[in-house]
Amino acid sequence: MPKIQFRTSSGDLRTVDADEGESLMQAAVRNGVPGILGECGGELSCATCHVYIADPWAKHFPPASADEQDLLEMADDRRPDSRLGCQLKVTESVDGLVAEIAQS
Ligand code: FES
C-alpha cells in the first residue's frame with residue numbers, strides 16, 4: 001500500500017496509506033487531510049485539490065490534460081509544478097511521494 005505524504009500550508013507533513021488506483025485527492029479526503037476538499041468529486045470543475053508535485057515525483061504521472069491545464073490557469077497560486085490531485089492516480093511507483101498542498 002503506497003504511502004503518500006501531504007505537506008499542508010502550515011508546513012505539517014501528513015502521511016496516509018493510499019490504495020492503488022485511487023487519486024491523490026481521494027486518498028487525502030478519505031484520510032481527512034486539511035486543505036484538500038475535492039468538492040467536485042474529481043470532475044475537473046473546482047480545483048480544490050490543487051497540489052504541487054516536484055521532481056522527481058512529477059515524472060510518475062502523465063502530463064496534465066488540456067482540461068486540467070485550463071482549470072489550473074484559473075487557480076490561485078499556480079506554479080509550474082501545479083497539478084490537480086484528482087487527476088493523479090496512485091501507483092506503487094509513487095510510494096513516498098510528497099505533495100505540497102496549495103494555500104488557496
Ligand atoms: S476535485 Fe474538483 S478539480 Fe479536482
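In the predicted model, 63% of the contacts between residues at least 6 apart in sequence in the protein chain join residues at least 24 apart. Buried residues account for 32% of the 104 residues. The protein chain contains two helices and five strands, and from the N terminus on its elements follow the order β-β-α-β-α-β-β. The radius of gyration is 12 Å, close to the 13 Å given by the globule rule for 104 residues, so the protein chain is as compact as a globular protein of that length. Taken along the principal axes, the C-alpha atoms fill a box of roughly 35 × 30 × 25 Å.

The five strands are arranged in an open sheet with mixed pairing, in the order β2-β1-β5-β3-β4. At the edges are β2 (13–17) and β4 (82–84), each of which pairs on one side only. From one strand to the next, the twist averages 35°. Strands of a sheet pair through backbone hydrogen bonds, in either the parallel or the antiparallel sense.

Both senses of pairing are found at β1. With β2, this strand runs antiparallel, and five bridges join the two; Phe-6 has Arg-14 of β2 as its bridge partner. The same two strands, β1 and β2, make up a hairpin in which five residues lie between them. Gly-11, in the turn of this hairpin, has a positive phi of about 95°. With β5, strand β1 pairs in the parallel sense over three bridges. Here the bridge partner of Gln-5 is Val-98 in β5, and Phe-6 stands opposite Ala-99 in β5.

The side chains of β1 alternate along the strand. Ile-4 and Phe-6 point to one face and are buried, whereas Lys-3, Gln-5 and Arg-7 point to the other face and are not buried. In a regular strand, side chains alternate in this way between the two faces of the sheet.

The largest nonpolar core comprises 23 residues. Within this core, the residues with the most contacts are Ile-4, Leu-24, Ala-28 and Ala-99. Two or more core residues come from each of the elements β1 (3–7), α1 (24–30), β3 (50–53) and β5 (98–101). Helix α1 gives the most, with five residues. In soluble globular proteins, nonpolar side chains tend to be buried together. The surroundings of Ala-99 illustrate the core: leaving aside neighbours within four places in sequence, Ala-99 is in contact with Ile-4, Phe-6, Leu-24, Val-51, Ile-53 and Gly-85.

Val-33 lies outside the helices and strands, in the loop between α1 and β3. Is this loop residue buried or exposed? Val-33 has 23 C-beta neighbours inside 10 Å, and the cut-off for a buried residue is 20 or more, so Val-33 counts as buried. Apart from neighbours within four places in sequence, the contacts of Val-33 are Phe-6, Arg-14, Val-16 and Ala-28. Two of these residues, Phe-6 and Arg-14, are bridge partners between β1 and β2. Between the C-alpha atoms of Val-33 and Ser-9, which are 24 residues apart along the chain, the separation is 11 Å.

Terms used
Residues numbered from 1 in each chain as written. Predicted model: local features only at pLDDT ≥ 70, side-chain atom pairs only at ≥ 80, totals over all residues. Core = buried A, V, L, I, M, F, W, Y, C linked by C-beta atoms within 7 Å. Buried ≥ 20, exposed ≤ 12 C-beta atoms within 10 Å, placed from the backbone. Helix = DSSP H or I, 4+ residues; strand = E, 2+ residues; numbered from the N terminus. Contact = placed C-beta atoms within 7 Å. Pairing = 2+ DSSP bridges. Axes fitted to C-alpha atoms, helices over the stretch in contact; angles between N-to-C directions. Rg over C-alpha atoms; globule rule 2.2 N^0.38 Å.
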